[in-house]
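Q: Please take a close look at the charged pairing in this model and at the place where its two parts meet. I would like one connected account, with the numbers kept as they were computed.

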Amino acid sequence: MPRPVIFDLFHTLVPGGDPERDRVVGEMALMVGVEPAALVEAYHATWRDRMTGWDAAETVRVLARRLGGTPTEEQVARAAAHRRELARRLLGRVRPSTLAVLDALRADGHPIGLVSNATAETAEAWPSTGLARRFDVSVFSSDVGLAKPDPAIYRLAAERLGVAPGDCVFVGDGADGELAGAAAVGMTVVRTTEHNDTDPSWAGRALTALGELPDLLHEPARGR
(Lines give C-alpha, C1' and ligand atoms only; values in the text may rest on other atoms or scores of the structure.)
Protein backbone atom coordinates (compact mmCIF):
# COMPACT_ATOMS: atom_id res chain seq x y z
CA MET A 1 0.00 0.00 0.00
CA PRO A 2 1.31 3.50 -0.79
CA ARG A 3 2.50 5.19 2.40
CA PRO A 4 0.07 7.49 4.26
CA VAL A 5 1.14 11.13 4.20
CA ILE A 6 0.25 13.49 7.04
CA PHE A 7 0.60 17.23 6.43
CA ASP A 8 0.87 20.28 8.60
CA LEU A 9 -1.35 23.18 7.45
CA PHE A 10 0.02 26.71 7.81
CA HIS A 11 3.39 27.42 6.14
CA THR A 12 3.10 23.94 4.60
CA LEU A 13 -0.08 23.87 2.50
CA VAL A 14 -0.95 27.58 2.74
CA PRO A 15 1.01 30.67 3.79
CA GLY A 16 0.74 31.52 7.47
CA GLY A 17 -0.24 35.15 6.92
CA ASP A 18 1.49 36.26 10.12
CA PRO A 19 1.59 40.03 9.45
CA GLU A 20 -2.03 39.94 8.34
CA ARG A 21 -3.01 38.12 11.53
CA ASP A 22 -1.51 40.90 13.64
CA ARG A 23 -3.22 43.56 11.55
CA VAL A 24 -6.60 41.87 11.93
CA VAL A 25 -6.17 41.53 15.70
CA GLY A 26 -5.34 45.23 15.85
CA GLU A 27 -8.58 45.99 14.02
CA MET A 28 -10.45 43.72 16.42
CA ALA A 29 -9.01 45.68 19.34
CA LEU A 30 -10.63 48.87 18.06
CA MET A 31 -13.95 47.02 17.81
CA VAL A 32 -13.85 46.06 21.50
CA GLY A 33 -12.24 49.21 22.86
CA VAL A 34 -8.73 48.12 23.83
CA GLU A 35 -5.26 49.16 22.68
CA PRO A 36 -4.29 47.34 19.45
CA ALA A 37 -0.66 46.58 20.31
CA ALA A 38 -1.71 45.19 23.69
CA LEU A 39 -4.27 42.84 22.13
CA VAL A 40 -1.74 41.63 19.55
CA GLU A 41 0.71 40.87 22.35
CA ALA A 42 -2.01 39.08 24.32
CA TYR A 43 -2.87 36.95 21.28
CA HIS A 44 0.73 35.85 20.93
CA ALA A 45 1.06 35.12 24.66
CA THR A 46 -2.04 32.90 24.71
CA TRP A 47 -1.29 30.79 21.64
CA ARG A 48 -1.35 27.50 23.55
CA ASP A 49 -4.70 28.32 25.17
CA ARG A 50 -6.23 29.44 21.90
CA MET A 51 -5.16 26.42 19.88
CA THR A 52 -6.35 23.83 22.39
CA GLY A 53 -9.53 25.30 23.85
CA TRP A 54 -10.87 28.80 23.40
CA ASP A 55 -13.15 29.63 20.48
CA ALA A 56 -12.99 32.97 18.67
CA ALA A 57 -15.61 34.74 20.79
CA GLU A 58 -14.22 33.45 24.09
CA THR A 59 -10.74 34.61 23.08
CA VAL A 60 -11.97 38.12 22.34
CA ARG A 61 -14.02 38.29 25.52
CA VAL A 62 -11.28 36.98 27.84
CA LEU A 63 -8.42 39.01 26.40
CA ALA A 64 -10.35 42.26 26.11
CA ARG A 65 -11.37 42.02 29.75
CA ARG A 66 -7.82 41.23 30.81
CA LEU A 67 -6.78 44.45 29.12
CA GLY A 68 -9.41 46.48 30.96
CA GLY A 69 -12.05 46.51 28.23
CA THR A 70 -15.75 46.01 28.83
CA PRO A 71 -17.01 44.92 25.41
CA THR A 72 -20.67 44.22 24.76
CA GLU A 73 -21.66 40.86 23.34
CA GLU A 74 -22.39 42.60 20.06
CA GLN A 75 -18.83 43.96 19.95
CA VAL A 76 -17.41 40.56 20.84
CA ALA A 77 -19.45 38.91 18.08
CA ARG A 78 -18.31 41.50 15.53
CA ALA A 79 -14.64 41.05 16.42
CA ALA A 80 -14.94 37.25 16.40
CA ALA A 81 -16.57 37.37 12.97
CA HIS A 82 -13.65 39.49 11.74
CA ARG A 83 -11.26 36.78 12.94
CA ARG A 84 -13.31 34.00 11.32
CA GLU A 85 -13.23 35.87 8.02
CA LEU A 86 -9.43 35.96 8.26
CA ALA A 87 -9.37 32.15 8.65
CA ARG A 88 -11.52 31.71 5.55
CA ARG A 89 -9.31 34.09 3.62
CA LEU A 90 -6.06 32.36 4.59
CA LEU A 91 -7.37 28.89 3.79
CA GLY A 92 -8.56 30.17 0.41
CA ARG A 93 -5.00 31.04 -0.60
CA VAL A 94 -3.94 27.50 -1.37
CA ARG A 95 -1.91 27.39 -4.58
CA PRO A 96 -3.16 25.36 -7.56
CA SER A 97 0.21 23.59 -7.50
CA THR A 98 -0.48 22.41 -3.95
CA LEU A 99 -3.88 21.04 -4.91
CA ALA A 100 -2.21 19.28 -7.83
CA VAL A 101 0.24 17.56 -5.47
CA LEU A 102 -2.59 16.37 -3.22
CA ASP A 103 -4.52 15.13 -6.23
CA ALA A 104 -1.46 13.29 -7.50
CA LEU A 105 -0.93 11.61 -4.14
CA ARG A 106 -4.55 10.52 -3.99
CA ALA A 107 -4.34 9.19 -7.54
CA ASP A 108 -1.33 7.12 -6.47
CA GLY A 109 -3.36 5.69 -3.58
CA HIS A 110 -1.72 7.51 -0.66
CA PRO A 111 -4.06 8.03 2.30
CA ILE A 112 -3.80 11.71 3.28
CA GLY A 113 -4.12 13.24 6.73
CA LEU A 114 -3.76 16.64 8.36
CA VAL A 115 -2.46 17.50 11.82
CA SER A 116 -2.70 21.21 12.55
CA ASN A 117 -2.00 23.37 15.56
CA ALA A 118 -4.80 25.80 14.83
CA THR A 119 -7.46 27.80 16.58
CA ALA A 120 -11.17 27.07 16.44
CA GLU A 121 -11.96 29.48 13.63
CA THR A 122 -9.60 27.59 11.30
CA ALA A 123 -11.20 24.26 12.17
CA GLU A 124 -14.64 25.79 11.59
CA ALA A 125 -13.67 27.17 8.17
CA TRP A 126 -11.89 24.00 7.00
CA PRO A 127 -14.86 21.92 5.74
CA SER A 128 -15.88 24.59 3.22
CA THR A 129 -12.43 24.81 1.59
CA GLY A 130 -11.06 23.21 -1.54
CA LEU A 131 -8.45 21.50 0.61
CA ALA A 132 -10.78 19.61 2.93
CA ARG A 133 -12.24 17.17 0.40
CA ARG A 134 -8.75 15.99 -0.52
CA PHE A 135 -8.06 14.70 3.02
CA ASP A 136 -9.13 11.40 4.52
CA VAL A 137 -8.51 12.61 8.08
CA SER A 138 -8.13 16.11 9.56
CA VAL A 139 -7.04 16.58 13.17
CA PHE A 140 -7.10 20.09 14.62
CA SER A 141 -5.61 20.88 18.01
CA SER A 142 -8.63 23.01 18.91
CA ASP A 143 -10.95 20.05 18.33
CA VAL A 144 -9.00 17.40 20.23
CA GLY A 145 -7.33 19.43 23.00
CA LEU A 146 -3.88 18.22 21.95
CA ALA A 147 -1.13 20.04 20.12
CA LYS A 148 2.10 19.20 18.36
CA PRO A 149 4.66 18.07 19.41
CA ASP A 150 2.59 15.96 21.84
CA PRO A 151 2.99 12.36 20.57
CA ALA A 152 -0.71 11.74 21.16
CA ILE A 153 -1.86 14.02 18.34
CA TYR A 154 0.29 12.20 15.75
CA ARG A 155 -0.86 8.83 17.03
CA LEU A 156 -4.48 9.97 16.85
CA ALA A 157 -4.11 10.94 13.19
CA ALA A 158 -2.48 7.61 12.36
CA GLU A 159 -5.18 5.73 14.25
CA ARG A 160 -7.91 7.54 12.34
CA LEU A 161 -6.16 6.59 9.10
CA GLY A 162 -6.07 2.98 10.29
CA VAL A 163 -2.28 2.72 10.21
CA ALA A 164 0.68 2.71 12.60
CA PRO A 165 2.61 5.98 13.07
CA GLY A 166 5.73 4.32 11.68
CA ASP A 167 3.94 3.72 8.39
CA CYS A 168 3.42 7.46 7.86
CA VAL A 169 5.35 10.27 6.25
CA PHE A 170 4.95 13.64 8.00
CA VAL A 171 5.41 16.85 5.98
CA GLY A 172 5.70 20.21 7.71
CA ASP A 173 7.66 23.45 7.95
CA GLY A 174 8.78 22.74 11.51
CA ALA A 175 6.85 25.18 13.69
CA ASP A 176 6.09 24.20 17.31
CA GLY A 177 8.70 21.44 17.26
CA GLU A 178 6.45 19.39 14.98
CA LEU A 179 9.25 17.62 13.06
CA ALA A 180 10.93 16.20 16.14
CA GLY A 181 7.50 15.26 17.49
CA ALA A 182 6.68 13.30 14.35
CA ALA A 183 10.06 11.58 14.32
CA ALA A 184 9.63 10.61 18.00
CA VAL A 185 6.59 8.47 17.15
CA GLY A 186 8.38 6.79 14.25
CA MET A 187 7.14 8.83 11.30
CA THR A 188 9.41 9.56 8.35
CA VAL A 189 9.84 13.34 8.37
CA VAL A 190 10.09 15.69 5.40
CA ARG A 191 10.57 19.42 5.97
CA THR A 192 9.19 21.93 3.50
CA THR A 193 10.56 25.45 3.01
CA GLU A 194 8.19 26.52 0.24
CA HIS A 195 6.31 29.06 2.37
CA ASN A 196 8.69 29.62 5.27
CA ASP A 197 12.13 28.40 6.39
CA THR A 198 10.87 27.77 9.91
CA ASP A 199 13.31 25.15 11.24
CA PRO A 200 16.63 25.49 9.40
CA SER A 201 18.40 23.41 12.06
CA TRP A 202 16.47 20.28 11.02
CA ALA A 203 19.02 17.87 9.57
CA GLY A 204 16.60 15.62 7.69
CA ARG A 205 15.24 15.68 4.17
CA ALA A 206 13.87 19.04 3.02
CA LEU A 207 11.86 20.18 0.00
CA THR A 208 11.97 23.65 -1.50
CA ALA A 209 8.62 23.03 -3.20
CA LEU A 210 5.81 20.66 -2.33
CA GLY A 211 5.78 19.56 -5.96
CA GLU A 212 8.93 17.51 -5.23
CA LEU A 213 7.04 15.27 -2.80
CA PRO A 214 5.50 12.71 -5.19
CA ASP A 215 8.90 11.85 -6.67
CA LEU A 216 10.45 11.63 -3.20
CA LEU A 217 7.78 9.14 -2.14
CA HIS A 218 8.66 6.96 -5.11
CA GLU A 219 12.30 6.73 -3.95
CA PRO A 220 13.49 3.74 -1.89
CA ALA A 221 13.02 4.28 1.86
CA ARG A 222 15.98 6.12 3.41
CA GLY A 223 14.94 6.20 7.05
CA ARG A 224 14.44 9.38 9.02
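A: Glu20 is buried, with a relative accessible area of 14%, and this residue of a predicted model is a convenient place to begin. Glu20 belongs to helix α1, which covers residues 18-32. Once its neighbours within four places in sequence are set aside, the residues in contact with Glu20 are Leu86, Arg89, Leu90 and Arg93. One of these contacts is also a salt bridge, since Arg93 pairs with Glu20 and the closest N and O atoms are 2.5 Å apart. This pair links distant parts of the chain, with Arg93 in the loop between α5 (73-91) and α6 (96-107), Glu20 in helix α1, and the two positions 73 residues apart. Arg93 has a relative accessible area of 38% and is therefore partly exposed, whereas Glu20 counts as buried because its value of 14% is under 20%.

The pairing of Arg93 with Glu20 does not stand alone, for salt bridges that share partners join Glu20, Arg23, Glu27, Arg89 and Arg93 into one network. In the whole structure the search finds 15 salt bridges. As a general point, side chains of opposite charge can pair when their charged atoms come close.

From this network the account moves to the place where the two domains meet. The domain assignment divides the protein chain into domain 1, made of 5-15 + 94-218, and domain 2, made of 18-91. Taken over C-alpha atoms, the centres of domain 1 and domain 2 are separated by 26 Å. In the interface, 23 residues of domain 1 are in contact with 16 residues of domain 2, and the area buried between the two domains is about 1500 Å², with carbon and sulfur atoms giving 59% of it. Of the area that domain 1 buries against domain 2, Phe10, Thr119 and Glu121 supply 31%, more than any other three residues.

The polar side of this interface can be described in similar detail. Between domain 1 and domain 2 there are 5 residue pairs in polar contact, counted with both residues at pLDDT 80 or more, and the rule finds 2 salt bridges across the interface. On the side of domain 1 that touches domain 2, the elements that give two or more residues are α7 (120-125) and α8 (141-144), and α7 gives the most, with 5 residues. By class, that side of domain 1 holds 11 nonpolar, 8 polar and 4 charged residues.

Glu121, already named for its share of the buried area, forms a salt bridge with Arg83, in which the closest N and O atoms are 2.7 Å apart. Glu121 lies in helix α7 and Arg83 in helix α5, so this pair ties together parts that are 38 residues apart in sequence. Glu121 and Arg83 are both buried. A further salt bridge is formed by Arg84 with Glu124, where the closest N and O atoms are 3.3 Å apart.

Another salt bridge, between Asp136 and Arg106, has its closest N and O atoms 3.5 Å apart. Asp136 lies in the loop between α7 and β3 (137-140) and Arg106 in helix α6, so the pair ties together parts that are 30 residues apart in sequence. Asp136 is partly exposed, with a relative accessible area of 42%, and Arg106 likewise counts as partly exposed, at 35% relative accessibility.

Some backbone details deserve a careful check alongside these pairings. His11, in the loop between β1 (5-7) and α1, has a positive phi of about 70 degrees although it is not a glycine, and at 13% relative accessibility His11 counts as buried. Asp176, in the loop between β4 (169-172) and α10 (178-184), is a residue other than glycine whose phi is also positive, near 60 degrees; at 33% relative accessibility Asp176 counts as partly exposed. Lys148 and Pro149 are joined by a cis peptide bond with omega of about 10 degrees, and Pro149 lies in the loop between α8 and α9 (151-161).

Definitions and conventions:
Residues numbered from 1 in each chain as written. Heavy atoms only, no water. Domains from an automatic or database assignment. Contact = heavy atoms within 4.5 Å. Buried area = accessible area lost by both parts, 1.4 Å probe. Salt bridge = Lys/Arg side-chain N within 4 Å of Asp/Glu carboxyl O. Polar contact = N/O pair within 3.5 Å; in protein donor to acceptor, adjacent residues only side chain to side chain. Helix = DSSP H or I, 4+ residues; strand = E, 2+ residues; numbered from the N terminus. Nonpolar A, V, L, I, M, F, W, Y, C, P; charged D, E, K, R; others polar. Buried < 20%, exposed > 50% of the residue type's maximum accessible area, 1.4 Å probe, protein only.
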